[in-house]
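Take a look at the model below. Then read on for a short tour of its ligand shell, its domains and two of its helices.

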Amino acid sequence: ELDKTWWKEAVVYEVYPRSFNDTDGDGVGDIPGITEKADYFDDLGVDVLWVGPVYDSPNADNGYDIRNYREIHDDFGDMRDWERLLSALHDRDIRLIMDLVVNHTSNEHEWFQRSRRREGPYEDYYHWVDGDPDEPPNNWESIFGGPAWTYDEERGQWYLHLFHEKQPDLNWRVPAVRKDIYEMVNLWLDKGIDGFRLDAINLLSKPAGYPDGDPESGLLGNEHYFNGPRIHEYLRELHDETFAGRDVMTVAEMSHITPADAEAYCGPDGDGLDMTFQFVRDGMDSEDDGRWASPDWALSDLKRVLASWQQTAGAWVAPCLGNHDQPRSVSWWGDESYRVESATLLATFLLTLRGTPHVYQGEEIGMTNAEFERLDEIDDPDTLQRVELAIEAGEADGFDDLREAVNEDSRDHARTPMQWSADDHAGFTDGEPWLRVNDDYPEVNVESALADESSIWYYYRDLIRFRHEETPLVYGDFDLLLPDHGQFCAYTRTLEAETLLIVLNWSDAPATFECDAVETADSDALVANYDDPPENPAATEFRPYEAAVYRL
Ligand code: TEU
């Protein structure tokens, strides 16, 4: 008996509001700009829009530092604009989920301001620790690099921030903190949204006493603050006090988790969360903090991680190949020299996996990494901090020494403006864009993609339709084939008597498909990214980045 639910059958599309579509010429995307594209999402066929943080924020981390959870940031519009967006989407049967950022707030949030003045109930809302102003309380490192503690002169204590120093971590041990958060969550749910993406949510619980991290463990302290001692209690309570009994979806953003952890959070006996992202990179990187790792990843490594999640996780997952924190998927997972072929191969992959696929804005037109030439073209606080620290530590003389690393992996790659047309600034804005537009926009843009029926865009649209029609792609089992093959990523999706075979030649050279585990016969490929796909995959040569789906 299948446990059917709309969010299992959905395809989600992530919008990064700052970079999506600017309607008022200030160079920053806005909510009316998202609403303006309501038909665009509908035409593409996505079911859910995840819109990144649009709350009031001083923008130390592009809205992931929230000053007021109940207000819309001026840059993006106002509450009326937001309501119009919600109805424009609902009119088209598209649901809306928002970002829920509750591991931390901005240091400009009223709670922090009052906490640093030790005002009444707010005194312990954050993690405050006594200590010598020159000696942080422990060796924990911030995920953006540098110490996870900042000394606050006003209060005369250290406070914890696992991200930027303008993002102090909330103290979830305090019941009043949790209660305030649940109230805020319910306020948004009562407005009629369809769920949340839960930001950095497995970081909520920190161990009492803040023990030092193991000096050998990569990101210092990670074993203490990821999946901390009371995490399941907090998440269960969050669920029970807010999402329970409502028809909404929750997708948890968690790194440093195994498939078994995913089950503990999102499985049938978990905390009530619906799904967690499956970041294919998590588990592949040798470094614990995988940010500036080499893009020379190995397909066998990818398949190992993939199979462990797709075959064993007793939880629903949300596969994604990119988001606003990752390099562009074509540049990282694909091949810019085979941009169209590899982008369509990646689409075939993402949309035939088990779980709820999340497409990131621009993937549907094959947007690539930009080439950043100068430090002043970088905006991402994570990248900037790392550059600064590397220079301070004498590992580099200046930006030039770091340019290659930055260009491999900066979060800014995902944040360059959406490319709508070949007009100035890719049609994103009439003003000056807040972040530079990728130089490839005259060729890579929505307008030209829509004018060409063989474009990546139409391939996405057709695949999304195909996924909606083929139940095995949603509810079927996943079985990896040829785990050690250096070029093919191939697998089956099986539901009862029905089996679909997915063959991806994930390389820039031809490869012959030979696999005893499946019985193939002459049949047309149901989906393929070349015009004339092999009729029978067996013993047939697949061209560079050729992808095809067959019914067995
Ligand atoms: O990211 C959480 C997180 O762990 C990231 O630091 C991620 O590991 C990193 O960006 C490298 O890919 C979330 C948001 O997605 C991110 O944009 C925010 O900066 C962060 O939380 C803090 O809110």
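The shell around the ligand has five nonpolar, three polar and seven charged residues. Of these 15 residues, Tyr 64, Ile 143, Phe 163, Ala 200 and Asp 325 come nearest. Keep in mind that this is a predicted model.

Now the domains. The domain assignment gives domain 1 (7-103 + 175-374 + 414-463), domain 2 (110-160), domain 3 (375-409) and domain 4 (476-551). The C-alpha centres of domain 2 and domain 3 lie 27 Å apart.

Next, two helices.

| Helix | Residues | Length | Expected span | End-to-end C-alpha distance |
|---|---|---|---|---|
| α12 | 339-350 | 12 residues | 16 Å | 16 Å |
| α17 | 456-469 | 14 residues | 20 Å | 20 Å |

The expected span of α12 uses 1.5 Å a residue, and the distance between its end C-alpha atoms agrees. The α17 values agree as well.

How many of the 12 residues of α12 are buried? The count is 11, so α12 is largely enclosed by the rest of the structure. Among the buried residues are Arg 339, Glu 341, Ser 342, Leu 345 and Phe 349.

Which residues of α17 are buried? They are Ile 456, Trp 457, Tyr 459, Tyr 460, Leu 463, Ile 464 and Arg 467. These residues cover an arc of only 160° around the axis, which puts them on the same side of α17. A general rule helps here: an α-helix has 3.6 residues a turn, so residues three or four places apart point the same way.

What covers the buried residues of α17? The cover includes α3 (38-44), α12, α16 (446-450), α18 (471-475) and β18 (527-528).

Note on methods:
Residues numbered from 1 in each chain as written. Predicted model: local features only at pLDDT ≥ 70, side-chain atom pairs only at ≥ 80, totals over all residues. Domains from an automatic or database assignment. Near = placed C-beta within 6 Å. Nonpolar A, V, L, I, M, F, W, Y, C, P; charged D, E, K, R; others polar. Helix = DSSP H or I, 4+ residues; strand = E, 2+ residues; numbered from the N terminus. Expected span 1.5 Å × (residues − 1). Buried ≥ 20, exposed ≤ 12 C-beta atoms within 10 Å, placed from the backbone. Arc of directions from axis to C-beta. Contact = placed C-beta atoms within 7 Å.
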